[in-house]
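Me: I have a model open and want to learn how to read its features. Can we go through it piece by piece?

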Amino acid sequence: MLILSDKDKIFFSVRADREYLEGTTASGKTTKGITKFMSLVANSSKKYHLIAGADIGTVEKNVINSELGLLIQFKGLVEYNGKGTSNNKIPHIVYDTNKGEKIIYVVGYGDKKRWEKVLGGQVGCVFIDECNIADMEFMREVSHRCEYMMTTSNPDNPNLPIYSEFINRSRPLKIYKDKYPKELMKQIMTGSPVKGWLHWYFTFDDNASLTEEEIQKKKNAVAPGTKMYKNKILGLRGKSTGLVFSNFDKNVHVISKEEAKKKKFEYFSVGLDTSYSQKSKDTISMLFIGITDKREIIVLDERIYNNKDLNNPIAPSDTVKNLIEFLDRNQNEWGLARNVFIDSADQATITELKKYKRTHPCIYVFNDAYKQIKIIDRINLQLGWLHINKYLVVDTCINHITELETYSWQEDKDNTPEDCNDHTINASQYAWIPYKDKIGVEEKNDKDITIRYENKFIR
């Protein structure tokens, strides 16, 4: 028997054109999703419908034969023909409803020949299990051939096209918007909303069949701070393998502005990385960092632009104005960062900054970023600082946090990161490279080490 939470009751009462179900493991997404899907099939004027997953076996395991799956919940009303019939070779479910017999095809989105046969014409309702791993050609094709679509998804790499093309174009109900994790809500809001597309975020607390003890056991089974914990327990997106900063842990390395205000800062610096392309997701990224008397580096503020999202694209002259405002604001809040380090490959912006300095009273010094330190060496430094908790980020710097959680290694090249999700990371590096000797563990010369050792030995 399906036990409903308060959110479940609202979920079943609401109607939409597209519904995207996302969240933690064991939140009941598939169980409640397939139940609502079947009620929509029963009331549809269409005869033919579709359930899709990675392959037939996965659909059978997750949707059809599971503990509260389709065959249990609709016992006596459905007949599953897993190998098809003599008249219909494609695996399908026959559903006996008040509006007559409905046929629900079952396909794997990896089997193009089979799903192309099903999608030769229009279908009524579509249920897609784990759409985050679905073939995008299938998703695009099925989307315009159905009246209604519901998907479930496990948290995954936020840069997958499934998010930008589908899930991030949906929106939650207003009553739940403030209850979303800020990180997830920000990612969803990057997409252009489509009327009638609804997003649902479910957690353990929305599965009324789970006891507090069962929930705690599931949480205890995964180590906090790991990517699996983030994906499965927190229900947040994030690439789980191949991460560059695999030891970054938001619970340890992200602090509030109030906590940062209690620190004593000795240096401030700013990094600027630019990309003016209107065709890519690359950004213009400004990062304001501080270095404390405890040899910590703290990312205090960020400002990010993407020309792809703007009707009036930003030019280098606009970046000058935005950068000066960014510097002045942070000087008032944190302290003066006289030196700004700009991507040396962007001489257009550097030229505009120098022109500004010639024509305006300006305390700031604009420098070419020092790039002689190899990327792999920069990464190793940051990994070391993260390991000893000397690299911290204020929680309002959402873009930098997101990049730290998604910046990944190339799969086909050894020790080479991907050329994406790295603009705030580059800006951070430009800012701290000149001060790297002031961060982390203080290096001692051989004489100091010997004295300490001898004193300890004497004692």
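What follows is a walk through a sheet, two helices and two buried residues.

Me: Before we start, what kind of model is this?
Reply: It is a predicted model.

Me: Let us take the sheet. How many strands does the open sheet have, and in what order?
Reply: Read a sheet by listing which strand sits beside which. Here there are 7 strands, in the order S9-S15-S12-S11-S10-S13-S14. The sheet is open and its pairing is mixed.

Me: Which strands stand at the edges?
Reply: S9 and S14 do. Each has a single partner strand, so one side of each has no neighbour in the sheet.

Me: Next, strand S15. With which strands does S15 pair, and in which sense?
Reply: Count the bridges on each side. S9 (residues 254-255) pairs with S15 in the parallel sense, over 2 bridges. S12 (residues 297-305) also pairs with S15 in the parallel sense, over 3 bridges. To fix the register, look up bridge partners. Val254 has Val393 of S15 as its partner. Ile297 is placed opposite Tyr391 of S15.

Me: And the two faces of S15: which residues lie on each side?
Reply: Start from the general idea. Side chains in a regular strand alternate between the two faces of the sheet. Now the case. S15 covers residues 391-394, with Tyr391 and Val393 on one side. Leu392 and Val394 are on the other. All four are buried, and both faces of S15 are covered.

Me: What about S10 and S13? In which sense do they pair?
Reply: In the parallel sense, over 3 bridges. Val270 has Val340 in S13 as its bridge partner.

Me: Now the helices. Which strands does H14 lie across?
Reply: H14 lies across S10, S11, S12, S13 and S14. Its direction is at about 145° to S12. Another helix, H17 (residues 398-406), lies across S9, S11, S12 and S15. H17 runs at about 135° to S15.

Me: How far does H14 reach from its first C-alpha to its last?
Reply: Compare the span with the expected one. H14 has 18 residues, 316-333, and reaches 26 Å. That is close to the 26 Å expected at 1.5 Å a residue.

Me: Which residues of H14 are buried?
Reply: First, the general idea. An α-helix has 3.6 residues a turn, so residues three or four places apart point the same way. In H14 the buried residues are Thr319, Val320, Asn322, Leu323, Ile324, Phe326, Leu327 and Asn330. They pack against S10, S11, S12, S13, S14 and helix H15 (347-359). Just after H14, Gly335 has a positive phi of about 155°.

Me: Now single residues. Is Lys36 buried or exposed?
Reply: Check the relative accessible area. For Lys36 it is 0%, so this residue is buried. Lys36 sits in helix H2 (residues 29-43).

Me: What lies 2.6 Å from a polar atom of the Lys36 side chain?
Reply: The backbone oxygen of Phe11. Phe11 and Lys36 are 25 residues apart along the chain, with C-alpha atoms separated by 8.5 Å. Beyond four places in sequence, Lys36 has contacts that include Phe12, Glu19 and Met150.

Me: And Ser285: buried or exposed?
Reply: Buried, with a relative accessible area of 0%. Ser285 belongs to strand S11. Its side chain makes a polar contact of 2.7 Å with the side chain of Thr283. Not counting residues up to four places away in sequence, Ser285 touches eight-membered company that includes Asp273, Arg303 and His423.

Note on methods. Residues numbered from 1 in each chain as written. Predicted model: local features only at pLDDT ≥ 70, side-chain atom pairs only at ≥ 80, totals over all residues. Heavy atoms only, no water. Buried < 20%, exposed > 50% of the residue type's maximum accessible area, 1.4 Å probe, protein only. Contact = heavy atoms within 4.5 Å. Polar contact = N/O pair within 3.5 Å; in protein donor to acceptor, adjacent residues only side chain to side chain. Pairing = 2+ DSSP bridges. Expected span 1.5 Å × (residues − 1). Axes fitted to C-alpha atoms, helices over the stretch in contact; angles between N-to-C directions.
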